[in-house]
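Let's take a walk through this structure together. Keep the sequence and the 3D view open side by side as you read.

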Amino acid sequence: MIDCVIIDDEQHAIDLLKEHISHVHFLRLVGSETNPIKGLAMIGDLKPGLVFLDVQMPNLTGIEILKLISNDCHVIMTTAYKEYALDGFEHAVVDYLLKPIPFLRFLKAVNRLWTIQNNVRPINDQDHYVFVKTEQKGKLLKIDSRRITYIEGQGNYATIHMNDQRKITAYLKLKELAEHLSSMGFVRIHKSFIISLSHLTAVEGNMVRIVDEAQPITIGEAYRKEFFEMINAKLLSMPPNNPTSSNE
């Protein structure tokens, strides 16, 4: 279990991180503070293993706090400004999260810390599950990635097709899903589709077939080269005929 503290002068930013933390089994929130000076004292008193630290705050910035705390305390920087990233990484922070922070991006950051501390593979690689935001406000749905057959993107939403015929609508862009699921055997083949290689049954010209799906899915032109390079690497073929060879 990793004890963590949040220091951010915006309460709504703290509330979002609290929600994210509540869904990660190895994190335990032990304190939060909107006043950076009090936050610095809180770090000294509680000695957390991880601090979520905002960069731009009045009186004392996150970078200034970073210079004052012990190296034993890991830090994940949070801010709305990309230009501060370099300062954070110069002080060996675990990660740098840009607000508003999506849950999948948050999970990637804390899994990195878990991996560093425990010298194991990331949690997602072991447990084969993901959490997605649904249309119902405040609800995160746990999904076994091995049951996903393909995903269809629709702007800021995605329809996740499961092998039990369920369709789950998630508040996520396809790009975010593609980045997160690439290590789990998923590949993007079209601007609107991600498929599971485990559920891929056939490639027919510039189309693929997924288990139990009547209609094939087209491979987009921008994705064809990379996709077929991957397929060809797995292709079994007979050696060329040699007229001088004999089976006798």
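**A guided tour, starting from one strand**

Begin with β11, where 4 of the 5 residues are buried, so the strand is largely enclosed by the rest of the structure. Bear in mind as you look that this is a predicted model.

From β11, follow the chain into its partner. β11 and β12 make a hairpin, with 2 residues between the two strands. Their pairing is antiparallel and runs over 4 bridges. If you would like a landmark on this ladder, find R188, which faces I194 in β12.

Now step back to take in the sheet around this hairpin. It is an open sheet of 5 strands, antiparallel in its pairing, and the order across it reads β10-β9-β8-β12-β11. Why do β10 and β11 each have one side without a neighbour in the sheet? These two strands, at residues 167–170 and 186–190, stand at the edges and have a single partner strand each, so one side of each stays free of a sheet neighbour. On average, and ignoring direction, neighbouring strands here are turned by 20° against each other.

At the β10 edge, the partner is β9, residues 157–162, and the two pair in the antiparallel sense over 4 bridges. Here T159 sits opposite T169 in β10. Helix α8, spanning residues 221–233, packs on the sheet and touches β11 and β12 (193–196). The direction of α8 makes about 140° with that of β11.

Let's turn to the charged side chains. How many salt bridges does a search of the whole structure find? The total is 11. One of them joins K99 to D54, with the closest N and O atoms 3.3 Å apart. This pair ties together distant parts of the chain, 45 residues apart: K99 lies in the loop between β5 (95–98) and α5 (103–118), while D54 belongs to strand β3, residues 50–54. Is D54 buried or exposed? D54 is buried, because its relative accessible area is 3%, below the 20% cut-off.

A second salt bridge connects R112 and D95, at 2.8 Å from N to O. This one also links distant parts of the chain, with R112 in helix α5 and D95 in strand β5, 17 residues apart. The two partners have their own surroundings: R112 counts as partly exposed at 34% relative accessibility, whereas D95 is buried at 2%.

For another example, look at R166 and D164, whose closest N and O atoms are 2.9 Å apart in their salt bridge. R166 is partly exposed, with a relative accessible area of 40%, and D164 also counts as partly exposed, at 32%. Elsewhere, salt bridges that share partners bring D8, E10, D54 and K99 into one network, so the K99 and D54 pair described above belongs to that network.

Finally, a word on confidence. The chain has an average pLDDT of 82, and 84% of the residues score at least 70. Over residues 120–126, the pLDDT falls below 50, and this stretch has 17 contacts in the model beyond near neighbours in sequence. Residues 243–248 also stay under 50 in pLDDT, and for them the model has 0 contacts beyond four places in sequence.

Technical notes. Residues are numbered from 1 along each chain as its sequence is written. This is a predicted model: local features need pLDDT of at least 70, side-chain atom pairs count only at pLDDT 80 or more; totals for chains, interfaces and linings use all residues. Side-chain values use heavy atoms; hydrogens and water are left out. Two strands pair if DSSP finds at least two bridges between them. Axes are lines fitted to C-alpha atoms, for helices over the stretch in contact, and angles run from 0 to 180 degrees between N-to-C directions. Contact means heavy atoms within 4.5 Å. pLDDT is the predictor's confidence in each residue, from 0 to 100. A salt bridge is a side-chain nitrogen of Lys or Arg within 4 Å of a carboxyl oxygen of Asp or Glu. Buried means under 20% relative accessible area, exposed over 50%, partly exposed in between (1.4 Å probe, protein chains only).
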